[in-house]
Amino acid sequence: MAASNAQSADFQSFYNTINGDQVSGAEVRYGVNPSTGAEIDAGVPVATRNDVDKAVHAATQASKGWYKGYSLDDRRQNLKTYAEVVKQYKGELAAILTREHGMPKTYQDDIGTEQHATLSYTPLGVVVAIVPWNFPMQIACGKIACAVLTGNSVIVKPSPQAPYTILKVVELASTIFPPGVIQALNGTDELGQWLTEHEGVDKISFTGSTAVGKKIMQSASQSMKRLTLELGGNDVAVICPDVDIAATVQQILTLGVLNSGQICMAPQRLYVHESIYAAFLEAAVQFANSVQAIDGVHGAFLGPVQNKQQYDRLRDLIAAIPREGGRIASNVAEFPETGGFLINPVIVDQPADDSRVVREERFGLIIALLKWSDENEVIDRINSSRSGLGASVWSKDTDRATRVAVSLEAGNIWINRHMEVTPRLPFGGLKESTLQNSPAFRLC
């Protein structure tokens with residue numbers, strides 16, 4: 001089809017291409033032939049903002065079908081056919097390029113000379129590792145290991161909320177590594193800005209909120225630093241009607257409240273099929289009411305929220321639930337008056353899709369349950385989120401689970417499990433959850 005369309009190509013008229021159609025414009029501009037200084041006699045259209053919206057919408061719709069409906073071999077064959085069509089019109093295209101660019105036709109001949117290339121992996125130099133408060137030692141050690149193993153030096157900045165362990169871990173490193181290879185600097189948010197803007201820093205590895213990640217990205221752009229940003233999550237779990245309700249609730253909610261819910265990959269939005277919703281909700285409430293938060297010193301499964309700022313934010317979110325149409329189904333009417341930051345698990349029954357408790361990352365013990373009935377509809381609801389870190393699908397029907405899983409927009413997708421990671425596999429998200437200086441990837 002591509003070849004037959006190209007055979008009738010008109011090399012005198014020029015258009016924008018939007019959703020497969022050649023589109024002219026109300027405004028037309030004319031290029032200049034650099035060889036003569038004269039205006040080229042053919043005009044090209046000037047796209048409008050409406051054209052941009054149409055093109056982005058068409059590209060969004062097409063990308064879904066292009067990925068799902070065509071195999072790798074199909075896409076490869078399309079590219080080969082396209083290359084043949086371009087070669088078919090090599091002379092006409094070369095003439096146009098010479099007219100608008102001035103490039104001599106001799107430059108456009110195939111080189112054809114055999115060459116040898118060497119690919120080298122060299123250190124970047126100075127890496128700044130900015131570590132959050134939820135898993136300070138684990139995340140810091142991971143960043144340190146990757147940096148120094150590949151020949152870089154690293155400066156670790158802990159969160160002001162949890163600096164003690166990291167400062168001591170880096171102090172221990174200074175007894176083993178040469179001076180300057182592993183360092184630590186504790187400070188305020190101002191310190192983070194100094195480090196991310198510093199011209200001597202070559203790479204930033206940041207784990208934290210999306211809002212702060214955007215600021216770091218802006219700071220780093222001034223000197224074109226390499227970036228790895230592991231940002232906020234708002235993980236989902238799709239519960240199909242054939243699951244073992246008791247076992248599934250136990251698995252998912254245990255992960256949801258682990259570390260008091262202060263894990264970016266913790267399942268926070270549970271989309272439960274309407275046929276089992278009532279029974280699933282009842283089991284979830286029983287689980288939540290059976291788990292009580294006490295101080296971490298006494299070995300509790302559920303400890304406190306790490307800091308007052310996050311504690312106050314969670315309380316504000318909880319207070320907003322009834323106002324935004326949700327119902328608190330678990331027993332969390334009062335907060336323990338211990339002086340600590342203790343919150344018991346909160347199960348939210350059918351909050352609105354546009355409520356804060358659904359849209360925002362909670363990073364705490366608030367788990368929302370929402371009904372679904374149609375696969376395509378629930379996939380669209382889930383994918384409307386700007387977060388895309390992790391997701392899971394729970395079903396005894398592996399084919400169904402896989403069908404749903406490959407349609408979800410997240411970097412890590414599990415079937416009948418959640419939040420299982422290993423250093424042997426890449427880890428990352430899509431959308432506003434992760435940015436890396438490398439192509440996006442998905443695990444499913």
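Here are some notes on this structure, to read with the model open beside you.

1. **Before you start.** Keep in mind that this is a predicted model. The protein chain has 444 residues, and buried ones make up 41% of them. Its secondary structure comes to 14 helices and 19 strands, so labels like α3 or β8 will keep coming up below, numbered from the N terminus.

2. **Overall dimensions.** If you draw a box along the principal axes, the C-alpha atoms of the protein chain fill roughly 85 × 60 × 40 Å. The accessible surface is about 25,000 Å², and carbon and sulfur atoms account for 54% of that. Now look at contacts between residues at least 6 apart in sequence: 67% of these join residues at least 24 apart.

3. **Two helices that cross.** Have a look at α3 (residues 72-88) and α4 (residues 90-101). Two packed helices are described by the angle between their axes and the distance between the axes. For α3 and α4, the angle is about 70 degrees and the axes are 5 Å apart. Because angles of 65 to 115 degrees count as roughly perpendicular, that is how α3 sits relative to α4. Which residues make the contact between them? On the α3 side they are V86, K87 and Q88, and on the α4 side K90, E92 and L93. Sorted by type, the contact has three charged residues, two nonpolar and one polar.

4. **I166, a buried residue in a helix.** Find I166 in helix α6, which covers residues 164-173. Its relative accessible area is 1%, so I166 is buried. What does I166 touch, leaving out residues up to four places away in sequence? The list is V131, P136, A140, V156 and P158. You can also check I166 against Q138: these two are 28 residues apart along the chain, yet their C-alpha atoms are separated by 9.5 Å.

5. **G192, in another helix.** G192 belongs to helix α7 (residues 189-197). Is G192 buried or exposed? The relative accessibility of G192 is 13%, and because the cut-off for buried is under 20%, G192 counts as buried. For a distance to try yourself, go from G192 to G208: the two are 16 residues apart in sequence and 12 Å apart in space, C-alpha to C-alpha.

6. **β8 and its neighbours.** Strands of a sheet pair through backbone hydrogen bonds, either parallel or antiparallel. Strand β8 (residues 203-207) pairs with β9 in the parallel sense over five bridges. Strand β5 (residues 126-130) also pairs with β8 in the parallel sense, over four bridges. K203 is a handy residue to click on: K203 is the bridge partner of V127, and K203 also stands opposite R226 in β9. The next residue along, I204, stands opposite L227 in β9.

7. **How covered are these strands?** In β8, five of its five residues are buried. In β9 (residues 226-230), four of its five residues are buried. In a regular strand the side chains alternate between the two faces of the sheet. You can see this pattern in β8, where K203, S205 and T207 point one way and I204 and F206 the other way.

8. **A seven-strand sheet.** Further along, seven strands form an open sheet with mixed pairing, in the order β12-β13-β14-β11-β10-β16-β17. Which strands are at the edges? They are β12 (327-328) and β17 (412-415), each pairing on one side only. Elsewhere in this sheet, β10 (residues 236-239) and β16 (residues 390-394) run parallel and are joined by four bridges. One pair to pick out there is V238 with its bridge partner V393 in β16.

9. **Around β13.** β13 shows both senses of pairing. With β12, β13 runs antiparallel and shares two bridges, and I328 stands opposite V348 in β13. With β14, β13 pairs in the parallel sense over four bridges, and V346 stands opposite I366 in β14. V346 and V348 point one way from β13, while I347 and D349 point the other way, and all are buried.

10. **A helix across the sheet.** To finish, find helix α11 (residues 308-323). α11 lies across β12, β13 (346-349) and β14 (366-372). Relative to β14, α11 runs at about 35 degrees.

Definitions and conventions
Residues numbered from 1 in each chain as written. Predicted model: local features only at pLDDT ≥ 70, side-chain atom pairs only at ≥ 80, totals over all residues. Heavy atoms only, no water. Axes fitted to C-alpha atoms, helices over the stretch in contact; angles between N-to-C directions. Parallel < 35°, antiparallel > 145°, perpendicular 65-115°, else oblique. Contact = heavy atoms within 4.5 Å. Nonpolar A, V, L, I, M, F, W, Y, C, P; charged D, E, K, R; others polar. Buried < 20%, exposed > 50% of the residue type's maximum accessible area, 1.4 Å probe, protein only. Areas by Shrake-Rupley, 256 points an atom, 1.4 Å probe, with all protein chains shown as cover. Pairing = 2+ DSSP bridges.
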